[in-house]
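Let's take a walk through this one, starting at a helix surface and working inward. Keep the viewer open as you read.

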Amino acid sequence: MALSANEIGSNWLAGAGLRPTRQRLALAELLVGDGQDKHVTAESLYEASRDAGEKVSLATVYNTLKAFCAAGLLREIIVDGSKCYFDTNMSDHPHFYWEDDSRLTDAPNDELVLAKIPKAPNGAEISKVDVVIRLRSTAKD
């Protein structure tokens, strides 16, 4: 028997040791309840939660997304230093950033080849490498 979106969200939170508050559970269901990987902004998740009838503030959405990142449930991808996306796919993989509509999608991991990255300076270690490939439409109107 398949798990409900509520059960999937609850298990996701429990796996990270997070207490399933009403708001966390509601947001978890929207993020992982259908089993599909997502790239969301705080604003898009806030709108989705409002559309689902949840009473949650934008500040709560931001704080919850940050808590999910700290617990290892989401990856934060920053584009242009100001646009922040949250990815439910925790594997190492590159992204396409679609400039025309400010959208982030997964790029094929098997097509990315990094021959060499610089060594970390003394006293530091590389925690992750984010690859964001910026795209713009070539279609003419």
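On one side of α1, Ala14 and Gly15 are exposed. That is the outward-looking part of the helix in this predicted model. Turn to the other side and you'll find Gly9, Trp12 and Leu13, which are buried. Those three cover an arc of only 95° around the axis, which puts them on the same side of α1. The general background here is that an α-helix has 3.6 residues a turn, so residues three or four places apart point the same way. And what sits on top of the buried residues of α1? The cover includes α2 (22-32) and α4. Once α1 is done, the chain runs on to Gly17, whose phi is positive, near 75°.

Stay with Leu13 for a moment. Leaving out residues up to four places away in sequence, Leu13 touches Leu18, Pro20, Arg24, Leu25, Ala28, Phe68 and Leu73. Phe68, one of those contacts, belongs to α4, so that helix is a good next stop.

How does the length of α4 compare with what its 13 residues should span? At 1.5 Å a residue the expected span is 18 Å, and the end C-alpha atoms are 18 Å apart, so the two agree. The buried residues of α4 are Val61, Thr64, Leu65, Phe68 and Cys69. Looking down the axis of α4, you see these buried residues fall within an arc of 140°, so they line one face of the helix. Asn63 and Ala70, on the other side of α4, are exposed. The buried residues of α4 have cover that includes α1, α2, α3, β2 (75-79) and β3. Just after α4 comes Gly72, with a positive phi of about 85°.

Now for the rings. The aromatic pairs come to three. In one of them, the rings of Trp12 and Phe68 have their centres 5.1 Å apart and their planes at 80°, so the pair is edge-to-face. It links distant parts of the chain, with Trp12 in helix α1 (residues 5-15) and Phe68 in helix α4 (residues 58-70), 56 residues apart. Are these two partners buried or exposed? Trp12 has a relative accessible area of 16%, which is under the 20% cut-off, so Trp12 counts as buried. Phe68 is buried as well, at 0%.

Another pair sits among the strands. The rings of Tyr85 and Tyr97 have centres 6.1 Å apart and planes at 65°, so this pair is edge-to-face too. Tyr85 lies in strand β3 (residues 83-87) and Tyr97 in strand β4 (residues 95-98), so the pair ties together parts that are 12 residues apart in sequence. Both Tyr85 and Tyr97 are buried. While you're looking at rings, check Trp98 as well: Arg103 lies over its face, at 4.8 Å from the ring centre.

With the helices and rings in view, the cores are easier to follow. The largest nonpolar core has 20 residues, and those with the most contacts inside it are Trp12, Leu13, Leu31, Val61, Leu65, Phe68 and Leu74. The elements giving two or more residues to this core are α1, α2, α3 (42-51) and α4. Which of them gives the most? That is α2, with five residues. Apart from this core lies another, of five residues, among them Ile77, Tyr85, Tyr97 and Leu104. So the tyrosine pair described above has both of its partners in that other core.

Two loop residues round off the tour. Ser102 is in the loop between β4 and β5, and has a positive phi of about 50° although it is not a glycine. Ser102 is partly exposed, with a relative accessible area of 33%. Further along, Leu112 is found in the loop between β5 (103-106) and β6 (132-135). Leu112 is partly exposed, with a relative accessible area of 30%. Not counting residues up to four places away in sequence, Leu112 touches Pro94 and Val131. Leu112 and His93 are 19 residues apart in sequence, and their C-alpha atoms are 8.6 Å apart in space.

Key
Residues are numbered from 1 along each chain as its sequence is written. This is a predicted model: local features need pLDDT of at least 70, side-chain atom pairs count only at pLDDT 80 or more; totals for chains, interfaces and linings use all residues. Side-chain values use heavy atoms; hydrogens and water are left out. Rings of Phe, Tyr and Trp (its six-membered ring) pair if their centres lie within 6.5 Å; planes under 30 degrees apart count as stacked, over 60 as edge-to-face and the rest as tilted. Helices (H or I, at least four residues) and strands (E, at least two) are DSSP runs, numbered from the N terminus. Buried means under 20% relative accessible area, exposed over 50%, partly exposed in between (1.4 Å probe, protein chains only). A charge sits over a ring if NZ of Lys or CZ of Arg is within 6 Å of the ring centre and within 35 degrees of the ring normal. The arc is that of the directions from the helix axis to the C-beta atoms. Contact means heavy atoms within 4.5 Å. A nonpolar core is a set of buried Ala, Val, Leu, Ile, Met, Phe, Trp, Tyr and Cys residues joined through side-chain atoms within 4.5 Å. The expected span of a helix is 1.5 Å times one less than its number of residues.
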